Amino acid sequence: LYGLNIANADAAAATLGLIGTVSSTGKITNLSLYAGKIFNSMTFPNITSNGILAGSNLGVLKNISILGSDLTGLSNVGLIAGYNNGIISDSNISTSTILASNSVGSIAGLNDTTGKILRNDSEANISAGSTPSTFSQFGGVAGYNAGLIDQNRYDGEMTFTTIQSTALTGLRAGGLVGYNTGTLTNSYVDN
């Protein structure tokens, strides 16, 4: 798929992406997304999850490729899925960027308790929005992890130059995960 472009979607929407929500019985495999752009101007707080492929994933996303894509959102922001409580595996992200404020990761913004992020490779750059909320989580793979992250590689940059100094008190940033209450194994940062 080439050139997906969604800007300032319906303010009543809860999830934003090529697919809003992938259900627990849903499965997407072998999909490539090139030059996608999703822009949520951060003025729609009802949109709780933003992703190029899926706003929210409860199913299986496998062998996904995202290249040259840009994602702007508020909370639970990730290039493959903003919110994950399913499985994301064997996927690749390159030459892509994220600008967001809370629970931000290149694979998934929030990986919840039954979420699994397995064998992914990401080369994406992550930047903080100008007004992140207190206790903002930024990670190369996932901003917040309560599930399982195993065998992932992150090679990108995280930039926080526009953050107001008062917001830095709650900033949680890590090369792999910003805030972890789950399991993180066999993964590394390569830069």
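**Stop 1: serine 136**

Select serine 136 and serine 101. The side chain of serine 136 reaches the backbone oxygen of serine 101 at 2.9 Å. Keep in mind that this is a predicted model. Serine 136 sits in the loop between E17 and strand E18, which spans 137-139. Is serine 136 buried or exposed? Its relative accessibility is 2%, so serine 136 counts as buried. Now show what surrounds it. Leaving aside neighbours within four places in sequence, serine 136 is in contact with Ser101, Asn102, Gly170, Leu171 and Arg172.

**Stop 2: serine 127**

Go next to strand E17, where serine 127 lies. Serine 127 has 27% relative accessibility and counts as partly exposed. Add leucine 99 to the selection. The two residues are 28 apart in sequence, yet their C-alpha atoms are 4.8 Å apart in space. Which residues does serine 127 touch, not counting those up to four places away in sequence? They are Ile98, Leu99, Ala100, Phe138 and Thr159.

**Stop 3: arginine 153 and its partners**

Stay with strand E17 and select aspartate 121 together with arginine 153. These two form a salt bridge, with the closest N and O atoms 2.3 Å apart. Arginine 153 lies in strand E21 (residues 153-154) and aspartate 121 in strand E17, so the pair ties together parts that are 32 residues apart in sequence. Compare how the two are covered. Arginine 153 is buried, with a relative accessible area of 12%. Aspartate 121, at 21% relative accessibility, counts as partly exposed. The cut-off explains the labels: buried means under 20% relative accessible area, so 12% falls below it and 21% does not.

Add glutamate 123. Its side chain meets that of arginine 153 in a salt bridge, at 2.7 Å from N to O. This pair also links distant parts of the chain: glutamate 123 is in strand E17, arginine 153 is in strand E21, and they are 30 residues apart. Glutamate 123 is partly exposed, with a relative accessible area of 35%.

Now add aspartate 190. Aspartate 190 forms a salt bridge with arginine 153, and the closest N and O atoms are 3.0 Å apart. Aspartate 190 is in the segment after strand E26 (188-189), 37 residues from arginine 153 in strand E21. At 39% relative accessibility, aspartate 190 counts as partly exposed.

Which residues do the shared partners join into one network? Select Asp121, Glu123, Arg153, Asp155 and Asp190 to see it. The structure holds five salt bridges.

**Stop 4: the nonpolar core**

Leave the charges and turn to nonpolar side chains. In soluble globular proteins, such side chains tend to be buried together. The largest nonpolar core here has 35 residues. Which of them touch the most other members? Select Leu53, Leu61, Ile66, Leu79 and Ile80. Then colour the elements that give two or more residues to this core: strand E4 (27-34), E8, strand E13 (92-100) and strand E17 (121-128).

Centre the view on isoleucine 66. Its contacts, leaving aside neighbours within four places in sequence, are Leu33, Ile52, Leu79, Ile80, Asn92, Ile93, Ser94 and Ser96.

**Stop 5: a nonpolar patch on the surface**

Step along to leucine 67, in strand E8 (residues 60-67). Leucine 67 is partly exposed, with a relative accessible area of 31%. Select Tyr2 and Tyr34 as well. With Leu67, they form a nonpolar patch on the surface. Together the three have about 330 Å² of accessible area.

**Stop 6: two positive phi angles**

Finish with the backbone. Most residues other than glycine have a negative phi. Select threonine 95, in strand E13. Threonine 95 is not a glycine, but its phi is positive, at about 50°. Threonine 95 is exposed, with a relative accessible area of 61%.

The last selection is asparagine 186. Where does asparagine 186 lie? Look in the loop between strand E25 (183-185) and E26. Asparagine 186 has a positive phi of about 50° and is not a glycine. Asparagine 186 is exposed, with a relative accessible area of 60%.

Methods:
Residues numbered from 1 in each chain as written. Predicted model: local features only at pLDDT ≥ 70, side-chain atom pairs only at ≥ 80, totals over all residues. Heavy atoms only, no water. Patch = residues over 30% accessible without salt bridge, like charges linked within 9 Å, V, L, I, M, F, W, Y side chains within 5 Å. Areas by Shrake-Rupley, 256 points an atom, 1.4 Å probe, with all protein chains shown as cover. Salt bridge = Lys/Arg side-chain N within 4 Å of Asp/Glu carboxyl O. Helix = DSSP H or I, 4+ residues; strand = E, 2+ residues; numbered from the N terminus. Buried < 20%, exposed > 50% of the residue type's maximum accessible area, 1.4 Å probe, protein only. Core = buried A, V, L, I, M, F, W, Y, C linked by side-chain atoms within 4.5 Å. Contact = heavy atoms within 4.5 Å. Polar contact = N/O pair within 3.5 Å; in protein donor to acceptor, adjacent residues only side chain to side chain.
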